[in-house]
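Colleague: Please take one part of this model and examine it closely for a student in the first year. I should like a connected account that explains each term when it is introduced.

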Amino acid sequence: MTTTEEQRVTSVKEAAGRRAADMVETGTIVGLGTGSTVWFTLLRLAERIQSEGLEIVGVPTSMDTTEKATDLGIPLLGLGEVEKIHLTIDGADEIDGEFQMIKGGGGALLREKVIASISDREVIVVGPDKVVEKLGTTFLLPVEVTSFALPTVSRALAALGCEPVLRLSDPGVALTTDNGNQILDCRFPNGIDDPRNLERAIAAIPGAVESGLFIDLAHAVIIGKEDGSAEVRER
Ligand code: 5RP
């Protein structure tokens, strides 16, 4: 990616991330997603806490977000301390016209999905390049797997029509998630025809902990633009 292209990607992420933070109301519990777009949400939330006394507690979806939010002075609670979340703001790797998504590029899919599942509202922040006609065409589908079952889950995933590849953190070293598991990134040569059924099929594989298919979980998407504006689409 050239420097200009990197700046363009960063500015659309910033536009989306900040716009979502401006939707947060005082007195609410906010799910804090993971990734470079949500980073701008965290920055804006911290700004609002300082400048206007916004009162929120965040529930982070990863150790990375926990560290960043703590450094920024955003008060946090763990999942065990809340029963539901009013609004979660998270990124995505792909989102289609039905608001179905692939997530997990940052490896936080399991906690992100659990938090999405108890959120009244899930708002997704992306740049325009993440909006796709068909899932699986620009991004591999991550599947979190318990290490013991990697060979069997890998074969079962291949039987569903994909080529699974173990995600590495360094050359020759398998990535370990916040939950102590590994990730298989699955390439579907022609994309994913039926995301809903595929999610169910993966959930039925023993040892597959969670897939990055997020079905019927997003309520709105905020698409950042290069001019600093953002388009809000409701499902
Ligand atoms: C992490 C995720 C992220 O939300 C997704 O990868 C998007 O990240 P970014 O905003 O950095 O493009 O699912 O598990």
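Modeller: Asp178 counts as partly exposed because its relative accessibility is 30%. The scale behind that word calls a residue buried under 20% relative accessible area, exposed over 50% and partly exposed in between, with a 1.4 Å probe and the protein chains only. This is a predicted model, in which local features need pLDDT of at least 70 and side-chain atom pairs count only at pLDDT 80 or more, while totals for chains, interfaces and linings use all residues. Residues are numbered from 1 along each chain as its sequence is written, and side-chain values use heavy atoms, with hydrogens and water left out.

Asp178 belongs to the loop between β10 (173-174) and β11 (182-187). Such element names refer to DSSP runs numbered from the N terminus: helices are H or I runs of at least four residues, and strands are E runs of at least two. Apart from residues up to four places away in sequence, Asp178 touches Ser62, Met63 and Arg111; contact here means heavy atoms within 4.5 Å. With Met63 there is a polar link, since the side chain of Asp178 comes to 2.8 Å from the backbone nitrogen of Met63. A polar contact is a pair of N or O atoms within 3.5 Å; within protein, one must be able to donate a hydrogen and the other to accept it, and residues adjacent in sequence count only if both atoms are side-chain atoms. Gly27, by contrast, is 151 residues from Asp178 in sequence and 29 Å from it in space, C-alpha to C-alpha.

The loop between β10 and β11 also holds Asn181. Asn181 is classed as buried because its relative accessible area is 9%. Setting aside residues up to four places away in sequence, the residues that Asn181 touches are Glu144, Val145, Thr146, Leu175, Thr176 and Val209.

Met63, the polar partner of Asp178, leads to helix α3, which spans residues 63-71 and includes Asp71. Asp71 has a relative accessible area of 68%, so it is exposed. Its C-alpha atom is separated by 9.8 Å from that of Ala46, 25 residues away along the chain.

Turning to the ligand, 18 residues surround it, and Ser36, Thr37, Asp93, Gly104 and Lys130 come nearest; a residue is near a molecule if one of its heavy atoms lies within 4 Å of it. Helices α2 (36-52) and α4 (109-117) each supply at least two residues of this shell. In polar terms, a ligand oxygen is 2.8 Å from a polar backbone atom of Gly104. A ligand oxygen also lies 3.1 Å from a polar side-chain atom of Glu112, and an N or O atom in the side chain of Lys130 is 2.8 Å from an oxygen atom of the ligand. The protein covers 92% of the 380 Å² of accessible area that the ligand has on its own.

Glu112 is also among the residues in contact with Asp90, when neighbours within four places in sequence are left aside; Gly33, Thr34, Val38 and Lys103 are others. Asp90 is found in strand β3 (residues 85-90) and is buried because its relative accessible area is 0%. A polar side-chain atom of Asp90 lies 3.2 Å from the backbone nitrogen of Thr34.

Val38, which is in contact with Asp90, is located in helix α2. With a relative accessible area of 2%, Val38 is therefore buried. Beyond residues up to four places away in sequence, Val38 touches Gly33, Ile89, Asp90, Gly91 and Val125. Glu133 is 95 residues from Val38 in sequence, and their C-alpha atoms are 23 Å apart.

Two other loops show a feature of the backbone. Most residues other than glycine have a negative phi. Phe99, however, has a positive phi near 70°. This residue lies in the loop between β4 (94-95) and β5 (101-102), and Phe99 is buried because its relative accessible area is 7%. Asp216, which is not a glycine, likewise has a positive phi, of about 55°. Asp216 is placed in the loop between β13 (213-214) and β14 (220-224), and its relative accessibility of 34% means that it counts as partly exposed.

Key
Areas by Shrake-Rupley, 256 points an atom, 1.4 Å probe, with all protein chains shown as cover.
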